[in-house]
Amino acid sequence: MAEVSATAGALLGLLAERPMTGWELVAEARSRVGSFWTIQRSQVYRELAALQKGGLAESLPPEARGRRRYRITSDGRAAYHAWVQSMPGEENVRIPFLLSVAFAGDIPTDRFAELVADQRRRHAQQLQQYQALHEQLSTDTSPVGRSRLATLALGIEYERAALTWLADLPSYLDQPTDS
(Lines give C-alpha, C1' and ligand atoms only; values in the text may rest on other atoms or scores of the structure.)
Protein backbone atom coordinates (compact mmCIF):
# COMPACT_ATOMS: atom_id res chain seq x y z
CA MET A 1 0.00 0.00 0.00
CA ALA A 2 1.28 3.45 -0.89
CA GLU A 3 2.32 5.71 1.97
CA VAL A 4 0.78 9.16 1.64
CA SER A 5 1.84 12.60 2.84
CA ALA A 6 -0.15 14.50 5.44
CA THR A 7 -1.69 16.70 2.76
CA ALA A 8 -2.66 13.71 0.62
CA GLY A 9 -4.02 11.93 3.69
CA ALA A 10 -6.14 14.92 4.64
CA LEU A 11 -7.52 15.17 1.11
CA LEU A 12 -8.33 11.47 1.10
CA GLY A 13 -10.10 11.92 4.44
CA LEU A 14 -12.25 14.67 2.99
CA LEU A 15 -12.96 12.62 -0.12
CA ALA A 16 -13.95 9.69 2.09
CA GLU A 17 -16.89 11.80 3.20
CA ARG A 18 -18.09 12.74 -0.29
CA PRO A 19 -16.81 13.49 -3.79
CA MET A 20 -15.53 17.06 -4.10
CA THR A 21 -13.91 19.42 -6.55
CA GLY A 22 -10.47 20.84 -5.84
CA TRP A 23 -12.07 24.15 -4.94
CA GLU A 24 -14.40 22.43 -2.43
CA LEU A 25 -11.47 20.54 -0.93
CA VAL A 26 -9.58 23.78 -0.31
CA ALA A 27 -12.63 25.41 1.27
CA GLU A 28 -13.37 22.40 3.46
CA ALA A 29 -9.75 22.10 4.61
CA ARG A 30 -9.66 25.81 5.49
CA SER A 31 -12.95 25.50 7.34
CA ARG A 32 -11.80 22.53 9.38
CA VAL A 33 -8.23 23.31 10.29
CA GLY A 34 -8.01 26.99 9.44
CA SER A 35 -4.64 28.48 10.11
CA PHE A 36 -3.15 25.30 11.55
CA TRP A 37 -2.75 23.44 8.31
CA THR A 38 -2.48 25.64 5.26
CA ILE A 39 -3.10 24.32 1.82
CA GLN A 40 -2.94 26.12 -1.49
CA ARG A 41 -5.16 25.47 -4.48
CA SER A 42 -2.18 24.59 -6.65
CA GLN A 43 -1.06 22.08 -4.02
CA VAL A 44 -4.51 20.46 -3.96
CA TYR A 45 -4.55 20.00 -7.72
CA ARG A 46 -1.01 18.55 -7.72
CA GLU A 47 -1.99 16.14 -4.94
CA LEU A 48 -5.20 15.18 -6.72
CA ALA A 49 -3.24 14.36 -9.88
CA ALA A 50 -0.80 12.24 -7.85
CA LEU A 51 -3.64 10.50 -5.98
CA GLN A 52 -5.35 9.75 -9.27
CA LYS A 53 -2.12 8.47 -10.84
CA GLY A 54 -1.56 6.24 -7.80
CA GLY A 55 -5.09 4.83 -8.00
CA LEU A 56 -6.12 6.37 -4.66
CA ALA A 57 -8.68 8.79 -6.14
CA GLU A 58 -10.52 9.04 -9.42
CA SER A 59 -12.12 11.90 -11.27
CA LEU A 60 -15.76 11.85 -12.16
CA PRO A 61 -17.12 13.11 -15.50
CA PRO A 62 -16.78 16.87 -15.96
CA GLU A 63 -19.65 19.03 -14.74
CA ALA A 64 -20.74 22.51 -15.81
CA ARG A 65 -17.87 24.85 -16.68
CA GLY A 66 -15.44 21.95 -16.68
CA ARG A 67 -15.58 21.38 -12.92
CA ARG A 68 -14.41 17.95 -11.99
CA ARG A 69 -15.23 16.09 -8.79
CA TYR A 70 -12.93 13.48 -7.35
CA ARG A 71 -13.81 10.50 -5.25
CA ILE A 72 -11.75 8.16 -3.16
CA THR A 73 -11.12 4.61 -4.41
CA SER A 74 -11.02 1.49 -2.25
CA ASP A 75 -7.19 1.63 -2.36
CA GLY A 76 -7.43 5.29 -1.40
CA ARG A 77 -9.67 4.45 1.55
CA ALA A 78 -7.14 1.85 2.73
CA ALA A 79 -4.28 4.34 2.34
CA TYR A 80 -6.32 6.97 4.21
CA HIS A 81 -7.05 4.60 7.10
CA ALA A 82 -3.38 3.62 7.33
CA TRP A 83 -2.35 7.31 7.29
CA VAL A 84 -4.92 8.57 9.79
CA GLN A 85 -3.98 5.84 12.28
CA SER A 86 -0.22 6.40 11.96
CA MET A 87 1.81 8.58 14.28
CA PRO A 88 1.77 12.19 13.11
CA GLY A 89 5.07 13.78 12.17
CA GLU A 90 6.75 16.54 14.11
CA GLU A 91 4.90 19.82 14.37
CA ASN A 92 6.09 22.57 12.09
CA VAL A 93 4.90 25.93 13.32
CA ARG A 94 5.58 28.88 11.04
CA ILE A 95 4.55 32.29 12.30
CA PRO A 96 5.89 35.00 10.00
CA PHE A 97 5.42 37.73 12.63
CA LEU A 98 7.95 35.95 14.86
CA LEU A 99 10.61 36.90 12.32
CA SER A 100 9.67 40.56 12.85
CA VAL A 101 9.96 40.03 16.61
CA ALA A 102 13.31 38.28 16.21
CA PHE A 103 14.64 41.34 14.38
CA ALA A 104 12.62 43.96 16.27
CA GLY A 105 15.75 45.95 17.09
CA ASP A 106 16.06 46.80 13.39
CA ILE A 107 12.48 48.09 13.09
CA PRO A 108 11.64 51.70 14.03
CA THR A 109 9.50 51.85 17.16
CA ASP A 110 6.48 53.41 15.46
CA ARG A 111 6.57 50.84 12.64
CA PHE A 112 6.88 47.97 15.12
CA ALA A 113 3.84 49.34 16.98
CA GLU A 114 1.91 49.26 13.69
CA LEU A 115 2.95 45.65 13.11
CA VAL A 116 1.83 44.66 16.61
CA ALA A 117 -1.49 46.48 16.20
CA ASP A 118 -2.05 44.67 12.89
CA GLN A 119 -1.37 41.33 14.55
CA ARG A 120 -3.80 42.14 17.36
CA ARG A 121 -6.46 43.04 14.81
CA ARG A 122 -5.89 39.83 12.84
CA HIS A 123 -5.97 37.57 15.89
CA ALA A 124 -9.03 39.30 17.35
CA GLN A 125 -10.82 38.93 14.01
CA GLN A 126 -9.86 35.25 13.74
CA LEU A 127 -11.00 34.65 17.32
CA GLN A 128 -14.39 36.18 16.51
CA GLN A 129 -14.71 33.98 13.42
CA TYR A 130 -13.79 30.85 15.36
CA GLN A 131 -16.22 31.71 18.16
CA ALA A 132 -19.04 32.31 15.65
CA LEU A 133 -18.28 29.00 13.95
CA HIS A 134 -18.19 27.27 17.35
CA GLU A 135 -21.67 28.65 18.06
CA GLN A 136 -22.93 27.33 14.70
CA LEU A 137 -21.41 23.89 15.22
CA SER A 138 -22.15 23.49 18.93
CA THR A 139 -25.28 21.40 18.33
CA ASP A 140 -23.67 19.06 15.75
CA THR A 141 -23.19 15.79 17.63
CA SER A 142 -22.08 13.78 14.61
CA PRO A 143 -18.52 12.39 14.60
CA VAL A 144 -17.50 15.00 12.01
CA GLY A 145 -19.14 17.75 14.05
CA ARG A 146 -17.40 16.69 17.26
CA SER A 147 -14.01 16.51 15.55
CA ARG A 148 -14.58 19.96 14.02
CA LEU A 149 -15.40 21.34 17.48
CA ALA A 150 -12.24 19.76 18.89
CA THR A 151 -10.01 21.36 16.26
CA LEU A 152 -11.91 24.63 16.63
CA ALA A 153 -11.30 24.60 20.40
CA LEU A 154 -7.55 24.60 19.75
CA GLY A 155 -8.00 27.47 17.31
CA ILE A 156 -9.89 29.51 19.90
CA GLU A 157 -7.29 28.85 22.58
CA TYR A 158 -4.46 29.66 20.18
CA GLU A 159 -6.01 33.02 19.26
CA ARG A 160 -6.55 33.86 22.93
CA ALA A 161 -2.94 32.94 23.73
CA ALA A 162 -1.66 35.00 20.78
CA LEU A 163 -3.61 38.04 21.98
CA THR A 164 -2.25 37.64 25.51
CA TRP A 165 1.29 37.27 24.16
CA LEU A 166 0.87 40.36 21.97
CA ALA A 167 -0.31 42.35 25.00
CA ASP A 168 2.80 41.20 26.92
CA LEU A 169 5.22 41.66 24.01
CA PRO A 170 6.28 45.24 24.83
CA SER A 171 7.46 44.15 28.27
CA TYR A 172 9.89 41.74 26.62
CA LEU A 173 11.21 44.23 24.11
CA ASP A 174 10.96 47.50 26.04
CA GLN A 175 9.16 48.97 23.06
CA PRO A 176 5.95 50.92 23.57
CA THR A 177 3.02 49.82 21.44
CA ASP A 178 -0.53 51.10 21.10
CA SER A 179 -2.94 49.23 23.33
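**Exercise 1. Overall form**

What radius of gyration does the chain have, and what value would a compact globule of 179 residues have?

*Solution.* This is a predicted model, in which local features need pLDDT of at least 70, side-chain atom pairs count only at pLDDT 80 or more, and totals for chains, interfaces and linings use all residues. Residues are numbered from 1 along each chain as its sequence is written, and side-chain values use heavy atoms, with hydrogens and water left out.

Step 1. Take the radius of gyration over C-alpha atoms; the globule rule is 2.2 Å times the number of residues to the power 0.38. For 179 residues, a compact globule would come out near 16 Å. The chain has 20 Å.

Step 2. Fit a box along the principal axes. The C-alpha atoms fill roughly 60 × 40 × 40 Å.

Step 3. Count the buried residues (buried is under 20% relative accessible area, exposed over 50%, partly exposed in between; 1.4 Å probe, protein chains only). The share is 33% of the 179 residues.

Step 4. Sort the contacts (heavy atoms within 4.5 Å). Among those with a separation of 6 or more, 59% join residues 24 or more positions apart.

**Exercise 2. Secondary structure**

State how many helices and strands the chain has, and give their order.

*Solution.* Use DSSP runs, numbered from the N terminus: helices are H or I with at least four residues, strands are E with at least two. The chain has seven helices and three strands. Along the sequence they follow α-β-α-α-β-β-α-α-α-α.

**Exercise 3. The two sides of helix 3**

Find the buried residues of helix 3 and say what they pack against.

*Solution.* Step 1. Check the geometry. Helix 3 covers residues 41–53, 13 in number. From first C-alpha to last, helix 3 reaches 18 Å, close to the expected 18 Å. The expected span is 1.5 Å times one less than the number of residues.

Step 2. List the buried residues: Val-44, Glu-47, Leu-48 and Leu-51. They lie on the same side of helix 3, because they cover an arc of only 105° around the axis. The arc is that of the directions from the helix axis to the C-beta atoms.

Step 3. Turn to the other side. There, Arg-46 and Lys-53 are exposed.

Step 4. Find the partners. The buried residues pack against helix 1 (6–17), helix 2 (22–33), strand 2 (57–59) and strand 3 (69–72).

Step 5. Look past the end. Gly-55 follows helix 3, with a positive phi near 80°.

**Exercise 4. Aromatic rings**

Count the aromatic pairs and describe Tyr-80 with Trp-83, then Phe-97 with Trp-165.

*Solution.* Step 1. Apply the rule: rings of Phe, Tyr and Trp (its six-membered ring) pair if their centres lie within 6.5 Å; planes under 30 degrees apart are stacked, over 60 edge-to-face, the rest tilted. The count is three.

Step 2. Tyr-80 and Trp-83 make a tilted pair, with 6.2 Å centre to centre and 40° between the planes. Both sit in helix 4 (residues 74–85), three residues apart, so about one helical turn separates them. Tyr-80 is buried at 17% relative accessible area. Trp-83 is partly exposed at 25%.

Step 3. Phe-97 and Trp-165 are edge-to-face, at 6.1 Å between centres and 80° between planes. Phe-97 lies in helix 5 (residues 96–102) and Trp-165 in helix 7 (residues 143–173), so this pair ties together parts 68 residues apart in sequence. Phe-97 is buried at 7% relative accessibility, while Trp-165 is partly exposed at 31%.

Step 4. Join the pairs. Phe-97, Phe-112 and Trp-165 are linked into a cluster.

Step 5. Test for a charge over a ring (NZ of Lys or CZ of Arg within 6 Å of the ring centre and within 35 degrees of the ring normal). Arg-41 lies over the face of Trp-23, 3.7 Å from the ring centre.

**Exercise 5. Three buried polar residues**

Locate Thr-7, Thr-21 and Arg-148, then list their contacts beyond four places in sequence.

*Solution.* Step 1. Thr-7 is in helix 1 and is buried at 8% relative accessible area. Its contacts are Trp-37, Ile-39, Gln-43 and Glu-47. Glu-47 is also one of the buried residues of helix 3.

Step 2. Thr-21 is in strand 1 (residues 20–21), buried at 7%. Thr-21 touches Arg-67, Arg-68 and Arg-69.

Step 3. Arg-148 is in helix 7, buried at 15%. Arg-148 contacts Glu-28, Ser-31, Arg-32, Leu-133 and Leu-137. Arg-148 and Ser-31 are 117 residues apart in sequence, with 8.8 Å from C-alpha to C-alpha.
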